[in-house]
Amino acid sequence: MKKALITGITGQDGSYLAEFLLEKGYEVHGIKRRASLFNTQRVDHIYEDPHVEHARFRLHYGDLTDTSNLTRILSEVQPDEVYNLGAQSHVAVSFEAPEYTADVDAIGTLRLLEAIRFLGLEKKTRFYQASTSELYGLVQEIPQKETTPFYPRSPYAVAKMYAYWITVNYRESYGMYACNGILFNHESPRRGETFVTRKITRGLANIAQGLEKCLYLGNMDALRDWGHAKDYVRMQWMMLQQDEADDFVIATGKQISVREFVRMSAREAGIEVEFTGSGLDEVATVVSANAETAPAVRVGDVIVKIDPRYFRPAEVETLLGDPTKAKEKLGWVPEITVEEMCAEMVASDLDTAKRHALLKAHGHHVSVSKE
Ligand code: NDP
Ligand code: GDR
């Protein structure tokens, strides 16, 4: 039985990858952080009681900032494959916490690679690094492929650039099987609530059900190549099954704007909107609403406004990936379109919002967390 170790197992990708590897028959180990509340909601459905013999799913307390902890876990697990998905993954937050982001995202990757080498596992353990389209930042070429030069535009992207190159360096220096997946944005109903797609689907679902009045966003013109996390974790595994380690761009090859994603999500929730104004004065106003899915919404309601707080000191305006290499070398093609993904996200958030609205109607307190 193959063993995998996943950092960031409690995150969006970690949870889908763990499911995927368990289905493939792997023993899956994950690193979770200590938190004051339970933080394993995304993997609770695959959790196995550690008291059960031969459990194939194990969680270890740890942190990418802690070298001795990582070394001990690697030594205990002796994994065939390590997937380094753990990161301070929010671009806007990286401007607020640049040093921490560098410690986790850049040096954390070095700590893992060095621990593998220190333990003499460099010929046994294959390594996947969660690299990102944010490396392209101020884009030098459209669409972006493996050979497009990098121009990172945030502390997050700069940290991930170190991680990218240290992964290449360990492959070239020590013959390690180490790969970078340069993944473009990918989303799902499990996406963190402060990333823009989920913020939109959750915000509009809450508005539809009367739990919120208005959604506040930043740059509506940003263009992204959005895929589904399920498609992308399959590719992470495929990358580690080749004869030779290599780096791949993973993307859909299509892009839409944040504004278009708002329109698409609103439509899924039964709301048609019209955008008027520009810059900080842009708003989305309701022109029609389905009484069944959006009973709390009226024609003329302004449901999206701009808040300058959500603009970044330096922005990545446009990202569009060219996944030709992944298609040709690995036979990978994305199966889920942005429209299907958006429909799934809105349906899931509407489901939750309806339950919360019902609780509220029966006098229960419902808190709607926001950033
Ligand atoms: P999430 O933010 O959903 O998950 C991040 C994971 O990292 C969580 O499990 C989090 O733990 C963990 N983590 C954070 N800090 C530390 C730390 N100091 N030590 C150990 N673990 C830590 O991200 P995604 O699942 O969306 O992304 C997975 C990886 O892929 C990340 O590295 C991200 O940067 C990268 N990426 C993501 C893309 C996307 O569009 N989703 C695109 C390209 C790259 P906790 O749950 O406790 O917070
Ligand atoms: P990104 O994702 O920065 O691309 O990083 P995010 O969803 O945060 O932003 C996408 C674009 O939307 C614009 N935007 C807003 N973003 C947020 N979060 N909140 C808002 O209110 C808002 N309004 C507009 C942003 O300015 C940006 O242009 C994600 C992360 O998963 C990274 O870890 C990963 O590496 C990259 O995708 C690829």
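For the residue classes used here, Ala, Val, Leu, Ile, Met, Phe, Trp, Tyr, Cys and Pro count as nonpolar, Asp, Glu, Lys and Arg as charged, and the others, Gly among them, as polar. Everything below comes from a predicted model.

**View 1. The shell around ligand 1, with 26 residues in it.** Gly 8, Gly 11, Gly 86, Ala 87 and Ala 130 are the closest to this ligand. Sorted by class, the shell holds 15 polar, 8 nonpolar and 3 charged residues. Two elements, α1 (12-23) and β5 (126-132), each bring at least two residues to the shell. Helix α1 gives the largest share, 3 residues.

**View 2. The shell around ligand 2, made up of 22 residues.** Look for Val 91, Thr 132, Val 196, Gly 218 and Ala 222, which are the closest ones. Helices α3 (91-96) and α6 (196-208) are the elements that put two or more residues into this shell. The class count here runs to 10 nonpolar, 7 polar and 5 charged residues.

**View 3. Strand β6 and its partner β5, paired in the parallel sense.** The pairing runs over 6 bridges. One to pick out joins Ala 130 to Gly 181 in β6; Ala 130 is also among the closest residues to ligand 1. Strand β6 spans residues 178-183, and 6 of its 6 residues are buried. Ala 178, Asn 180 and Ile 182 point one way from the strand, while Cys 179, Gly 181 and Leu 183 point the other way. So which side of β6 is buried? Both, because a residue counts as buried if 20 or more other C-beta atoms lie within 10 Å of its own, and the residues pointing either way are all buried.

**View 4. The largest nonpolar core, a set of 65 residues.** Ile 6, Ala 18, Ile 116, Phe 127 and Ile 250 have the most contacts inside it. Helix α5 (residues 155-174) supplies the largest share of this core, 9 residues. Elsewhere there's a second, separate core of 31 residues, including Trp 226, Val 297, Met 345 and Leu 350. As a general matter, nonpolar side chains tend to be buried together in soluble globular proteins.

**View 5. Phe 127 and its contacts from further along the sequence.** Setting aside neighbours within four places in sequence, Phe 127 is in contact with Val 82, Asn 84, Leu 113, Ile 116, Thr 167, Met 176, Tyr 177 and Ala 178. Of these, Ile 116 is listed with Phe 127 among the residues with the most contacts inside the largest core, and Ala 178 belongs to β6.

**View 6. Residues 5-345, annotated in an unreviewed UniProt entry as "domain: NAD(P)-binding".** Over this stretch the chain is 35% helix and 18% strand. Its end C-alpha atoms sit 28 Å apart.

Methods
Residues numbered from 1 in each chain as written. Chains lettered and ligands numbered in written order. Predicted model: local features only at pLDDT ≥ 70, side-chain atom pairs only at ≥ 80, totals over all residues. Near = placed C-beta within 6 Å. Helix = DSSP H or I, 4+ residues; strand = E, 2+ residues; numbered from the N terminus. UniProt positions renumbered as here; feature names shortened; annotations may be inferred. Core = buried A, V, L, I, M, F, W, Y, C linked by C-beta atoms within 7 Å. Buried ≥ 20, exposed ≤ 12 C-beta atoms within 10 Å, placed from the backbone. Contact = placed C-beta atoms within 7 Å. Pairing = 2+ DSSP bridges.
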